[in-house]
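Please walk through the structure shown below, taking its charged pairs, its cysteines and one of its helices in turn.

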Amino acid sequence: MFEIKIANKDLLSHLYLSDLIYQHGLSDFTLTGDTLRTHKMLGGAKPDISEPILSPAKSNLSKLVIFTEGLNLQQLTQVLQALVNVLSLVFYRVITVEGVSGFAVCAQVALKTQDNINKQLEDVAKRFSVELCLVEKTPSLKEPGLLLMDMDSTVIAVECIDELAELAGVGEQVSAVTILAMQGKLDFVQSLRTRVACLADADESILQQVRDALPLMPGVANLVKILKSYGWKVAIASGGFSYFADHLQDQLELDAAVANDLAIQNKKLTGKVQGNIVDANVKAQTLKNLAKKWSISPNQTIAMGDGANDLLMMNSAALGVALHAKPIVRQQADIAIRHSDLDTLLWVLEAGQT
């Protein structure tokens with residue numbers, strides 16, 4: 001082990017931490033006051049004196065994954081101080097994943113309580129502008145797995161039905177129903193039928209207009225690419241529409257897409273949905289069906305979404321991820337990624353294996 005005294009406050013900066021990681025191969029460390037104690041190095045680099053970290057057995061520790069653009073040592077200290085009544089730090093571990101730019105820091109911690117912990121993490125994450133994900137063990141990136149994602153506001157950065165409604169001239173009417181549904185204040189099936197009914201007699205050409213302008217959520221293409229390089233299956237289960245889900249399946253080379261079919265007659269939308277509606281129960285069952293189809297262990301499943309309609313699917317997976325989600329969803333999910341790109345999920349998976 002060797003120690004670095006931090007006399008200059010500028011050395012608490014993101015640039016300083018990045019330099020330690022990328023140029024000096026920092027891996028494990030502790031930070032006490034103005035002293036950085038480095039225990040382990042990455043990439044074959046070695047400190048002057050090698051010494052193991054004294055800590056409880058790894059099996060007794062939880063992992064608090066901390067990341068944000070410009071993460072610095074001061075933020076790490078502030079986060080742990082704010083959570084002092086909830087957990088105690090043993091040491092930090094740097095998390096990097098090939099193909100994902102930047103890094104995360106995994107605080108190996110001993111929990112003092114589980115009471116209301118998601119609410120406390122939410123408050124601290126907001127106060128210090130960081131992402132906080134508390135995990136025990138996650139699915140392994142290096143074993144076959146399944147990621148099942150919602151589509152609207154998860155894979156793509158819009159709600160397709162709202163975009164269709166704007167083009168059909170009923171935007172405000174449909175948007176108001178969408179918001180209530182995403183907050184869990186309306187039954188999803190009823191709200192979907194109500195919104196789709198507003199589109200009756202709209203020209204089917206609006207479908208292509210929306211499809212051609214679909215904005216992918218930042219990081220989703222990289223996430224899919226890296227997961228598939230490890231032999232994972234990636235799919236969509238959406239309460240939205242197959243016209244868009246099928247397009248995304250082709251664009252991102254996904255393994256499956258399940259969504260609702262809009263009825264069209266004489267090149268006009270009828271205002272109805274064909275067949276059974278993909279609701280919360282169907283999403284959860286899709287996760288189970290796909291895992292069984294591809295012989296994937298339930299422990300290797302992840303479900304990601306942003307709305308109340310995704311909670312049952314997320315609860316059915318080994319890891320439920322709330323992405324840029326409503327407060328009710330963040331509170332009930334296993335972890336929340338509040339603002340960051342989708343591929344930062346890979347840091348959480350890596351941290352769960354350390």
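A network of salt bridges links Glu122, Glu131, Arg330 and Arg338 in this predicted model. Within that network, glutamate 122 pairs with arginine 330, and their closest N and O atoms are 2.6 Å apart. Glutamate 122 belongs to helix α3 (residues 117–128) and arginine 330 to helix α12 (residues 327–332), so the bridge ties together parts of the chain that are 208 residues apart in sequence. Glutamate 122 is buried, its relative accessible area being 14%.

The structure holds 13 salt bridges. Another one joins the side chains of aspartate 28 and arginine 93, at 2.7 Å from N to O. Here the partners sit in strands: aspartate 28 in β2 (residues 26–32) and arginine 93 in β5 (residues 87–95), so parts 65 residues apart in sequence are tied together. Both aspartate 28 and arginine 93 are buried. In the bridge between lysine 326 and aspartate 306, the closest N and O atoms are 3.2 Å apart. This pair links two loops, with lysine 326 between β13 (319–323) and α12, and aspartate 306 between β12 and α11, 20 residues apart. Lysine 326 is partly exposed, with 27% relative accessibility, whereas aspartate 306 is buried at 0%.

A further lysine to consider is lysine 63, in strand β4 (residues 62–67). Its relative accessibility is 6%, which counts as buried. What does the side chain of lysine 63 reach at 3.0 Å? The partner is the backbone oxygen of glutamate 136. Beyond its neighbours within four places in sequence, lysine 63 has contacts that include Cys106, Cys133, Leu134, Val135, Gly352 and Thr354. Lysine 63 and leucine 89 are 26 residues apart in sequence, and their C-alpha atoms are 9.8 Å apart.

Two of the residues touching lysine 63 are cysteines, Cys106 and Cys133. How many disulfides are there? The count is zero, by the rule that two cysteine sulfur atoms must lie within 2.5 Å. For cysteine 133, the closest cysteine sulfur is that of cysteine 106, 10 Å away and therefore too far for a bond. Cysteine 198 is in no disulfide either, the nearest cysteine sulfur being that of cysteine 160, at 16 Å. Cysteine 133 is buried, with a relative accessible area of 1%, and cysteine 198 is buried at 18%.

Serine 140 is placed in the loop between β7 (131–135) and β8. This serine 140 is buried, with 11% relative accessible area. Leaving out residues up to four places away in sequence, serine 140 touches Trp232, Gln300 and Gln353.

Strand β8 (146–149) is also part of what covers the buried residues of helix α10, together with elements including β9 (233–241), β10 (256–265), β12 (301–305) and α11 (311–316). Helix α10 has 14 residues, 280–293, and reaches 20 Å from its first C-alpha to its last, close to the 20 Å expected at 1.5 Å a residue. Its buried residues are Ala280, Lys283, Ala284, Thr286, Leu287, Leu290 and Ala291. These cover an arc of only 150° around the axis, so they are on the same side of α10. On the face turned away from that buried side are the exposed residues Asn281, Lys292 and Lys293. Aspartate 279 caps the N-terminal end of α10, with a side-chain oxygen 3.2 Å from the backbone nitrogen of asparagine 281. After α10 comes serine 295, which has a positive phi, near 55°.

Conventions. Residues numbered from 1 in each chain as written. Predicted model: local features only at pLDDT ≥ 70, side-chain atom pairs only at ≥ 80, totals over all residues. Heavy atoms only, no water. Helix = DSSP H or I, 4+ residues; strand = E, 2+ residues; numbered from the N terminus. Expected span 1.5 Å × (residues − 1). Buried < 20%, exposed > 50% of the residue type's maximum accessible area, 1.4 Å probe, protein only. Arc of directions from axis to C-beta. Contact = heavy atoms within 4.5 Å. Polar contact = N/O pair within 3.5 Å; in protein donor to acceptor, adjacent residues only side chain to side chain. Salt bridge = Lys/Arg side-chain N within 4 Å of Asp/Glu carboxyl O.
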